[in-house]
Amino acid sequence: MSESQNKRGELLLQKAEINKRKRRLHRKRKMLDWGVFTAYLFPSLAGVLLFFFLPLLMLLKTSFQKSSTNTDFVGFDNYARVLTNKAFKDASINTLKFAVVAVPLAIVLALLVALLLNSGMPGKSIFRSILLNPMMVPVASIVLIWQVFFSYNGVVNGWLASLFHIDKIDWLKSSYAQVVILVMFIWKNLGYNMVLFLAALNNIPAEVIESAKMDGAGPVKRFFSIKMHYLSSTIFFVGIMSLINSFKIFREVYLLTGDYPFDTLYMLQHYMNNAFRHLDYSKLSSGAIIMCIVMIIIVGFLFFAEAKFGGDIEE
Amino acid sequence: MQYFKKIAACTMAATMLFGMGMMFSGCGSKSEKAEVIQKDDLWFNTKKVKLQSDYDMSEYLLVQHNTPLSVGDKYAILYLGQKNMTKDMMNDKDFDYNTLMLNDVIIYDKEGNIEKKIDINSQIAEEGKVSNITAITPSGDRLCVYYVSGDPNGIGENTNYIAFLNVESGKIEEKKEADIPNSDIVNNVKNIDGYDVITCVNYSDGNTSFSLRFAKDGKIVSSTDFDKDIGKGQILYVEDVYSAGNGKYVANCYGEKGTISVEIDAESGSSSKLDSEAKSEATKKKHSTFDGTEYVMDEDGIRKVNGDKEEDFIPFDNCNVNIGEASNGQLVSVTEDSAIIICESQASMNYLEDNPVIVYELTRASENPNAGKKVIKVAAGSGELSNAEAEGIRVFNDTNKDYFAKLVTYDIEDVDTETEDSDELLANGEKVQASLANQLAVDLMSGDGPDVLIGASSLGELLNDEYLEDLTTYIGGDNGLDLAQYYSNVIDACKTDGKLYFMPNTFDMYGVLCDTKNFDASQVGFTFDQYDEFVKNDCNGEEPYTLKGSKMAFFKECMEATNDSWIKDGKANFDSEEFRNLATFFKENIPDGITSTDEEIYYGIDMSDKKAGVIAQVGCLSNLTSYNYFGADCKLMGLPSSDGRGPSAMIYSSTSISAKSNVKDGAWELVKTLASEDILKYEAAWSIPINIAAEKESIESYMKYNDKVVDMYKEMGMPMSDDNLAESGLLPKDSGIPEAYENMIGTVSGVLTSDKSISAIVTEEVQAYFAGQKDLDTVIDTIQNRAQTVIEERK
């Protein structure tokens with residue numbers, strides 16, 4: 001072999017050695033990164049596992065047991081019992097009805113108010129503060145206010161009687177009950193949703209809007225073709241939060257009307273709260289799992305919609 | 001990054017799968033077998049000794065005994081009473097009343113035989129004075145006798161004395177004035193945990209005040225000064241005193257503003273107020289000290305106190321005592337392997353003889369004689385057993401060869417009584433009951449609950465097949481009951497949809513007590529129109545219930561009396577004629593009544609102000625002497641209802657069998673025992689037993705005593721009109737009232753019971769109708785709507 005060939009061979013070997021060392025170093029660095037990553041993530045992960053997944057598994061287990069004290073496996077008996085229970089069905093329908101009406105209304109109204117405040121009107125910050133105030137009011141005060149207004153001998157009935165000579169309406173024990181709760185829900189959550197939309201509107205690149213204007217796009221076209229796309233992730237987030245808050249309205253309803261309210265206000269949480277009070281944990285667990293599955297489907301749909309409509313927005 | 005994501009996802013999935021596997025592996029079948037007693041299970045043999053005097057009650061107006069004591073290896077009981085008085089005695093100015101007084105100390109041996117009877121009176125009496133013995137307490141081998149001596153006509157000062165009685169010789173060895181000022185009269189003395197606790201009353205300056213003194217061997221150790229420690233005039237009356245251990249005592253007192261509990265240091269006499277929680281803790285257990293070791297006793301048994309901990313010493317499940325008697329008794333002796341409890345017999349008041357004192361001698365056994373018996377778990381829905389129930393369990397355990405009943409305790413929270421509204425007070429009580437019903441419901445459904453439940457009658461939510469057995473099959477079976485021996489109309493009234501979920505043991509009757517001459521023989525109750533006429537015409541417009549109660553409470557009771565009308569075929573039935581009639585009747589005819597607990601209501605009967613009708617709860621013959629203006633013409637009518645049904649039963653004691661019990665045969669035997677004549681005699685003086693023979697015996701005994709007292713009154717020349725006798729709680733001889741009373745029992749046709757959740761909804765909604773704010777249709781719609789939700793939810 002000639003000298004030059006030997007030298008080339010040596011060079012090749014050296015190169016291979018260097019590459020090998022580089023790969024080893026790269027692997028070590030990666031391992032270090034994983035280690036740091038895991039160390040930072042572990043407390044949260046442990047918390048989620050311990051306080052979320054583990055209870056969920058225990059809930060699942062209880063839903064297949066005869067009761068919390070009798071661990072006999074009963075298959076899907078508890079689910080059948082819950083799904084065929086008229087009270088559960090009524091509660092589900094009421095909860096769904098409320099969510100279907102309240103959530104879109106909360107989104108649309110909040111968006112409209114945000115657009116209004118973003119249009120450069122005077123006193124914007126004052127209006128924003130006013131609209132945020134309901135968030136800070138304690139639940140007990142809200143309940144008291146609503147009782148004063150909407151009880152049978154309350155302020156609203158007084159106004160209706162004196163101004164319009166309308167007979168008293170039992171707001172919380174009639175078909176109007178859901179309207180009252182809807183008003184309470186909107187009143188309470190409007191400010192928070194509005195603030196989220198305001199922030200999202202401020203994040204829309206001005207040059208995109210300007211160039212659309214220059215291209216001759218009108219305000220409606222600009223809103224639906226450009227702003228809505230940029231707002232899609234916020235709408236998604238506000239939708240999820242409103243959906244969650246629509247379930248939390250049970251708290252106020254319970255304080256207003258007790259364990260067994262008028263049937264239009266009887267929500268899933270009433271059913272489960274009463275099951276909890278009666279220590280019927282297997283019924284409670286089955287109901288909760290069913291509700292969980294429905295929520296997963298709804299949220300999954302929202303994720304899908306968000307991915308479809310918001311996916312073309314450049315990050 | 002992708003690689004890390006994969007690793008993280010796999011780890012999460014593996015964790016969840018592992019977790020699920022662990023969780024589901026916990027599912028398993030529950031053991032179906034009942035607990036069986038083993039040979040080496042702890043047991044204390046129980047010897048029950050009765051200490052009963054031999055006084056001929058025909059010679060005595062009254063004989064009572066004081067707290068029994070243990071003195072050495074003997075028992076000593078002070079008997080107080082009075083012999084019958086004659087007219088000649090009353091008319092004799094020089095008559096010595098001391099000769100009438102019974103002040104004996106009877107000494108019993110360990111077997112309950114009378115060793116000697118010591119006449120104290122003759123040894124301490126002073127000429128021209130009358131001596132009243134308050135109590136005796138142990139003082140080594142002697143007895144310390146506390147007595148008060150004074151003028152028989154009540155003129156001049158009374159003097160407090162202490163004397164020492166030698167038990168062996170039966171002689172008073174020493175007499176001296178007590179170190180207690182004569183202005184403080186000794187009212188009561190009890191030996192509690194080593195100290196003589198002396199309650200004194202002071203009547204000076206027109207005021208009555210109480211104080212406590214602590215003594216040992218007749219020497220005063222300390223005195224309380226409530227004015228200084230609690231506040232001037234705060235303590236008006238001392239009801240009872242308990243030992244709290246470590247030389248501390250708790251006194252339950254009454255003040256101007258209600259009950260006050262006070263903790264007292266026996267050595268110093270200093271006292272301080274206790275909050276309600278501390279008081280509740282202190283009075284639940286009885287403290288005693290033996291050889292420097294402190295013991296506590298309550299319904300669970302005897303425990304040794306070791307610092308902050310209490311160790312089981314003799315659980316009452318491991319011996320056979322009447323738990324009611326024992327837990328209210330006194331621990332008088334404790335060794336490593338034995339204990340002696342002295343208690344009062346809880347047997348029903350027998351008017352013709354002195355109730356015996358019971359001594360339980362408990363001795364540790366080498367093996368459990370009940371080995372092989374299956375355990376029946378018994379729970380009391382009210383948190384405690386009645387006299388009859390406790391005795392029934394004791395007798396069952398003594399006699400049944402196959403089963404042994406053990407008591408399971410359910411903690412029941414205290415009712416919040418801090419309210420001045422009677423309706424709110426009622427609601428608070430119902431909340432506590434509902435909470436207990438929930439606990440029991442879950443346990444019964446899971447099979448972990450008691451086998452036998454006492455008191456399920458008041459827990460309406462439990463009365464269905466999911467929780468309790470239908471007893472009609474047992475009653476009619478081979479091992480059933482002879483219904484001819486029982487008030488079967490009451491048993492039938494207790495059925496729900498044709499099923500009997502509890503066997504009633506004792507009950508009271510509830511209704512309107514009226515003059516039978518005003519009604520047809522066939523009328524047993526009131527329809528709404530009839531009641532309206534009765535109030536307007538016979539009662540002069542004064543509705544009887546709302547003179548002492550509220551409209552809402554009356555409405556609830558009328559609803560409870562017709563409870564079978566409100567839920568039919570698993571549906572709420574408020575949109576019905578019955579409910580409309582009920583609600584309309586109350587709105588238009590019943591006044592608001594008394595709602596405040598603060599209002600002074602005179603619960604007694606003013607015989608000069610006769611009413612045409614009185615709301616009456618009749619549980620025994622003596623109740624009729626309190627309520628009865630009508631003599632033998634009395635009749636108990638049912639509360640107003642759509643169908644004019646008869647009076648209702650308020651079930652006091654009942655027994656049920658869990659639907660999930662593994663020892664149903666044994667449980668039924670226990671039910672039969674608790675409903676038997678011998679056991680129900682324990683309750684017959686206070687409540688009507690379901691067993692006819694037990695009730696008849698009670699009536700006979702009461703009338704014999706009644707006749708004896710009437711004869712004595714006659715002999716003494718006292719006024720004898722029916723009204724005069726009624727004021728003294730007596731019936732005329734050969735009165736037709738006992739027959740009328742028995743006839744009343746035969747007309748009982750319903751039971752006062754309700755579903756608490758639905759009852760709460762109805763009373764919440766109907767108030768707006770009564771106030772005229774809403775029309776009836778609207779209210780009924782709402783009630784129907786909400787009540788149906790309750791029913792649907794439970795399915």
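In the predicted model, the centres of domain 1 and domain 2 of chain B, taken over C-alpha atoms, lie 50 Å apart. Domain 1 of chain B covers residues 51-178, while domain 2 is assembled from two segments, 507-651 and 737-794.

Both domains contribute to the largest nonpolar core, with at least three residues drawn from each. This core comprises 210 residues, and the highest numbers of contacts inside it belong to B:A76, B:V105, B:V145 and B:Y249. When neighbours within four places in sequence are left aside, the contacts of B:Y249 are B:I192, B:V197, B:V241, B:Y242, B:S243, B:A244, B:I264 and B:A266. A second core, separate from the one above, has 46 residues; A:W171, A:M184, A:I235 and A:A275 are among them. In soluble globular proteins, nonpolar side chains tend to be buried together.

Chain B also contains an open sheet of 4 strands, ordered 11-12-13-14 and paired antiparallel. Its edges are formed by strand 11 (184-192) and strand 14 (219-223), each of which pairs on one side only. On average, and with direction ignored, neighbouring strands of the sheet are turned by 30° against each other. At one end of the strand order, strand 13 (residues 209-216) of chain B is joined to strand 14 of chain B by 4 bridges in the antiparallel sense. Within this pairing, B:F214 has B:S222 of strand 14 as its bridge partner.

For chain A, the mean pLDDT is 88, with 97% of residues reaching 70 or more. Among the elements of chain A, the highest mean pLDDT, 93, is found for helix 3 (residues 86-118), and the lowest, 86, for helix 12 (residues 281-310).

Definitions and conventions:
Residues are numbered from 1 along each chain as its sequence is written. Chains are lettered from A and ligands numbered from 1 in the order in which they are written. This is a predicted model: local features need pLDDT of at least 70, side-chain atom pairs count only at pLDDT 80 or more; totals for chains, interfaces and linings use all residues. Domain bounds come from an automatic or database domain assignment. Two strands pair if DSSP finds at least two bridges between them. Helices (H or I, at least four residues) and strands (E, at least two) are DSSP runs, numbered from the N terminus. Axes are lines fitted to C-alpha atoms, for helices over the stretch in contact, and angles run from 0 to 180 degrees between N-to-C directions. pLDDT is the predictor's confidence in each residue, from 0 to 100. A nonpolar core is a set of buried Ala, Val, Leu, Ile, Met, Phe, Trp, Tyr and Cys residues joined through C-beta atoms within 7 Å. A residue is buried if 20 or more other C-beta atoms lie within 10 Å of its own, exposed if 12 or fewer, and partly exposed in between; C-beta atoms are placed from the backbone. Two residues are in contact if their C-beta atoms, placed from the backbone, lie within 7 Å.
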